[in-house]
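Got the model open in your viewer? Let's walk through it stop by stop, selecting as we go.

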Number of protein chains: 4
Amino acid sequence: MSNPIRVTVWNEGRHEKTHEEIRKVYPNGMHTVIAEALNGAGFSARTATLDDDAEHGLSEKVLAETDVMTWWGHMAHRDVKDEIVERVYNRVLDGMGLIVLHSGHHSKIFRKLMGTTGNLKWRDIGERQRLWVINPAHPIVQGLPNQIVLEHEEMYGEAFDIPTPDEQVFISWYAGGTVFRSGCTWKRGLGKIFYFQPGHEAYPTYYNKEIQQVIINAANWAFTPPSPKLTVEHWKEPFEKVG
Amino acid sequence: MSNPIRVTVWNEGRHEKTHEEIRKVYPNGMHTVIAEALNGAGFSARTATLDDDAEHGLSEKVLAETDVMTWWGHMAHRDVKDEIVERVYNRVLDGMGLIVLHSGHHSKIFRKLMGTTGNLKWRDIGERQRLWVINPAHPIVQGLPNQIVLEHEEMYGEAFDIPTPDEQVFISWYAGGTVFRSGCTWKRGLGKIFYFQPGHEAYPTYYNKEIQQVIINAANWAFTPPSPKLTVEHWKEPFEKVG
Amino acid sequence: MSNPIRVTVWNEGRHEKTHEEIRKVYPNGMHTVIAEALNGAGFSARTATLDDDAEHGLSEKVLAETDVMTWWGHMAHRDVKDEIVERVYNRVLDGMGLIVLHSGHHSKIFRKLMGTTGNLKWRDIGERQRLWVINPAHPIVQGLPNQIVLEHEEMYGEAFDIPTPDEQVFISWYAGGTVFRSGCTWKRGLGKIFYFQPGHEAYPTYYNKEIQQVIINAANWAFTPPSPKLTVEHWKEPFEKVG
Amino acid sequence: MSNPIRVTVWNEGRHEKTHEEIRKVYPNGMHTVIAEALNGAGFSARTATLDDDAEHGLSEKVLAETDVMTWWGHMAHRDVKDEIVERVYNRVLDGMGLIVLHSGHHSKIFRKLMGTTGNLKWRDIGERQRLWVINPAHPIVQGLPNQIVLEHEEMYGEAFDIPTPDEQVFISWYAGGTVFRSGCTWKRGLGKIFYFQPGHEAYPTYYNKEIQQVIINAANWAFTPPSPKLTVEHWKEPFEKVG
């Protein structure tokens, strides 16, 4: 039997400490709920948060032991140190999977990997969201129905300033009149990236079993076994031999 | 000054003859309205319909003189002769642009070019549709606002059985809870293809100036100047010279 | 433990019967060599050939028991009955993986799924081919070096008349001056498709362990577990409830 | 008649000053040759270089008057100030086209827009390069033959560390055994980007009429008329009205 995939669930973790109503929803933080779902599905998941230590819980050692990372941030994107962003960035290029959740669309790491602003429309009135599966054979939607309904979520709307996704997995409908590319994949270097829209801190979204299934599937999909390196390489093979 | 782009606006044309309430909306057929919009924008547009003649108005001569074709069909897809479909297909591969409208998603020509069924969800209760621009720098949306609102249209919903589009231009929202990839592009051979969802026969959609602008932009985009041929070719250049 | 993936290795099988020099390379046909490699890797692989029976060995029962099919054809594409092509086509849309090998680029099934001619340049002088991995994190190249070298293969050259691939896995170099998109993926309906260029009948390509590894990886990748259906569906959910 | 498209041809410009043999090839710098080709084709092209002034010739005013920029850099990527890179980056997201040439694959601006390292294989022995057109209906190859042959160029080889291109236009063959995705497009924000491989400073590549034609076509393609903005936007339209 192969070793379990090692996931680090990263969370800014500020809302849960500073807002009483958020703490009621996630008493131990969103990261705990996500990590428990992953551990229950056979992963080896640990958590890390912005205020864990001087490295936001993301030491070189932690990254070396991480196959896939999930990232949730919102109010404190600017407090994430550039050197830690650089460290995560290099680890993605080296093959670590990255699942960017909800307001992570504006995180330093997502913007750096995308090369765009991640801008979008938004409105938080808790309107109904339907996530439609538009790529039914994709590994990320295995075992799911053809739509996921969330009674209350924050609306994110197009135009979403991202590069063309490699794969479009979900497109969302919101009751108030907008649509959003809510599940998208890209590759950067050897690393696979999945952006997944649901997860405003005020709603119990990460307790939803279907949302958990998407994250579980995405963590499996984003795992990349060791591959040929992408290096700058002066090709020295003699011309006469290869031509 | 260059010659105008030559467009053939093809329409099944049956609904307008057999249904009184459709004739009220389009007394001279949808094709006439579309062709007038194109001619008003500087194209040289003609029309052709299923019952024009034994070749559905699509003789070899007409095709040879067509740079871009628009296609609307619905109730009589099966009455389109296979040899005419083959003729249009070959002309697309040879560089003719093709704009497939609304229920044309199930036409023989679209299915043959896509390699899929074109299946989808649908409901005709005249619900509100919003077409969101998700690719704002694309030539097809030049001069348009960031959304087009149609008060009444037929709903088409995901999952839409199409190959991954080369470019996603619009995604639609429908009041009743669904989304749809309502503006998509592909290439086949030397030909460019644009699928555009609006245009149920019972609604005055093709009189809408923004919808007309999309079709005008698409006809410009779909025009391909003469290009290198895509042929089966035994490459005879001597090995010694090229290696 | 899960059941093995069921592969049907289909081969035209004519060259091996009619040409003495081909029979020397593949005494029991190319299909036998490919199937043995797959069985050795844990698949449940069977073979079928054009002349097996009136259905080319592809009865409804065989297709129902096939998760992934490989396809090799060349001199007798026209002898494959249209109704069998239709059967394979429908099975792909329903989720069967399809690996199209070498001269299968001109098969009826590949052209039908692509919507293009599959035309290309070619020259058979046994020149050296290098298959470069351009997508090093893709499952299809797991365990492979960054290039595969074949001392003698038939050259296929661009422009290759295919739709834009969903993913580009390999690009080939040929000593005589050409390049080719030699490993490409697409989706059609629920089915995954991989085109892989090597495998002219006169060369022992399918005995090559790296080529076998690509086919093994592709068969794993192309397997799709049961997924939501892509159907034509009148959506009857009451408008009031969903909006 | 419409106004000409305004191009700023940016060049590092160091090799031409410090290396006698490069000065012989480009006595007035590569930028002069490229700008002359563009001006001859009806563009309004100006030049700017790294050492022009404290802003590398790229003041706010220059950028505001630039529709499309071409970028060549190599030995001094690190000398380009981060604030100027940021300025160019924002202008691209705002709709300026960008044509990145040759060793610009390692420039700060290209890496920032791509989100990857731009790493690749390389060898400079002046081997023969063939640029094959693989997308013959693309505007960037209008008027070109199906391949461009350069007798002597620097080799760049796969794997090239870039995001999946939106469109693949050219793939190159090099005599010494490698291939390269030598013409690729992407979109970032409202800006279109084209990477084009040829142009080592020691070879007279930018005098080649076919290479000039590619750059001319690319400058036309990369021009984006004013489009809807991609902003962070709190959507205030009343829920009741839009739902």
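Which residue is the bridge partner of Lys121(A) in β10(D)? Select Lys121(A) and look across to chain D: the partner is Glu233(D). Keep in mind through the whole tour that this is a predicted model.

**Stop 1: the strand pair between chains A and D**

Stay on that spot and widen the selection to β5(A) and to β10(D), residues 233-234. These strands run parallel, and two bridges join them. Now show side chains for the pair you began with. Lys121(A) and Glu233(D) also form a salt bridge, with their closest N and O atoms 3.6 Å apart. So what is the count of salt bridges between chain A and chain D? It is two, and the pair on your screen is one of the salt bridges joining these chains.

**Stop 2: the whole A–D contact**

Zoom out and color everything where chain A meets chain D. You should be picking up 40 residues from chain A and 40 residues from chain D. The area buried between the two chains is about 3200 Å², and carbon and sulfur atoms give 58% of that. On the polar side of the ledger, 17 residue pairs are in polar contact between chain A and chain D, counting pairs with both residues at pLDDT 80 or more.

Which elements of chain A each supply at least two residues to this side? Select α5 (82-93), α6 (108-114), β5 (121-133), β8 (179-188), β10 (233-234) and α8 (239-242) of chain A. Of the elements, β5(A) gives the most, with five residues. If you color by residue class, the side of chain A that touches chain D comes out as 17 nonpolar, 13 polar and 10 charged residues.

**Stop 3: the axis between A and D**

Next, try superposing chain A on chain D. A rotation of 180 degrees does it, with 0.0 Å of shift along the axis and an RMSD of 0.0 Å. To find the axis in the viewer, which residue of chain A should you select as the one that comes closest to it? Go for Gly115(A), whose C-alpha is 2.7 Å from the rotation axis. The same surface serves both copies here, as 100% of the contact residues of chain A recur in chain D.

**Stop 4: over to chain B**

Hide chain D and bring up chain B next to chain A. This contact takes 17 residues from chain A and 17 residues from chain B. The two chains bury about 1500 Å² between them, with 70% of it on carbon and sulfur atoms. Which three residues of chain A supply more of the area it buries here than any other three? Select Trp132(A), Trp173(A) and Val179(A): together they supply 35% of the area that chain A buries against chain B.

Hunt for salt bridges across this interface and the count is zero. Polar contacts do turn up: four residue pairs, again with both residues at pLDDT 80 or more. The elements of chain A that give two or more residues to this side are β5, β7 (167-174) and β8. By class, the residues there divide into nine nonpolar, four polar and four charged.

Chain A superposes on chain B by a rotation of 180 degrees, with 0.0 Å of shift along its axis and an RMSD of 0.0 Å. That is the relation of a two-fold axis. Since 100% of the interface residues of chain A are also interface residues in chain B, the copies meet through the same surface.

**Stop 5: a salt bridge inside chain C**

The structure holds 64 salt bridges over all chains. For one of them, select Asp94(C) and Lys229(C), where the closest N and O atoms are 3.1 Å apart. Why pick this pair? Asp94(C) lies in the loop between α5 and β4, and Lys229(C) in the loop between α7 and β10, so the pair ties together parts that are 135 residues apart in sequence.

**Stop 6: backbone oddities**

Most residues other than glycine have a negative phi, and most peptide bonds are trans. With that in mind, select His102(A): not a glycine, but with a positive phi of about 45 degrees. You'll find His102(A) in the loop between β4 (97-101) and α6 of chain A.

Finish with the peptide bond from Glu158(B) to Ala159(B), which is cis, with omega near 5 degrees. Ala159(B) is in the loop between β6 (147-157) and β7 (167-174) of chain B. Then jump to chain D, where a cis peptide bond joins Glu158(D) and Ala159(D), with omega about 5 degrees.

Conventions. Residues are numbered from 1 along each chain as its sequence is written. Chains are lettered from A and ligands numbered from 1 in the order in which they are written. Side-chain values use heavy atoms; hydrogens and water are left out. Contact means heavy atoms within 4.5 Å. Buried area is the accessible area (1.4 Å probe) that two parts lose on being put together, summed over both. A salt bridge is a side-chain nitrogen of Lys or Arg within 4 Å of a carboxyl oxygen of Asp or Glu. A polar contact is a pair of N or O atoms within 3.5 Å; within protein, one must be able to donate a hydrogen and the other to accept it, and residues adjacent in sequence count only if both atoms are side-chain atoms. Helices (H or I, at least four residues) and strands (E, at least two) are DSSP runs, numbered from the N terminus. Ala, Val, Leu, Ile, Met, Phe, Trp, Tyr, Cys and Pro count as nonpolar, Asp, Glu, Lys and Arg as charged, and the others, Gly among them, as polar. Two strands pair if DSSP finds at least two bridges between them. Copies are superposed by least squares on the C-alpha atoms of residues with pLDDT of at least 70 in both.
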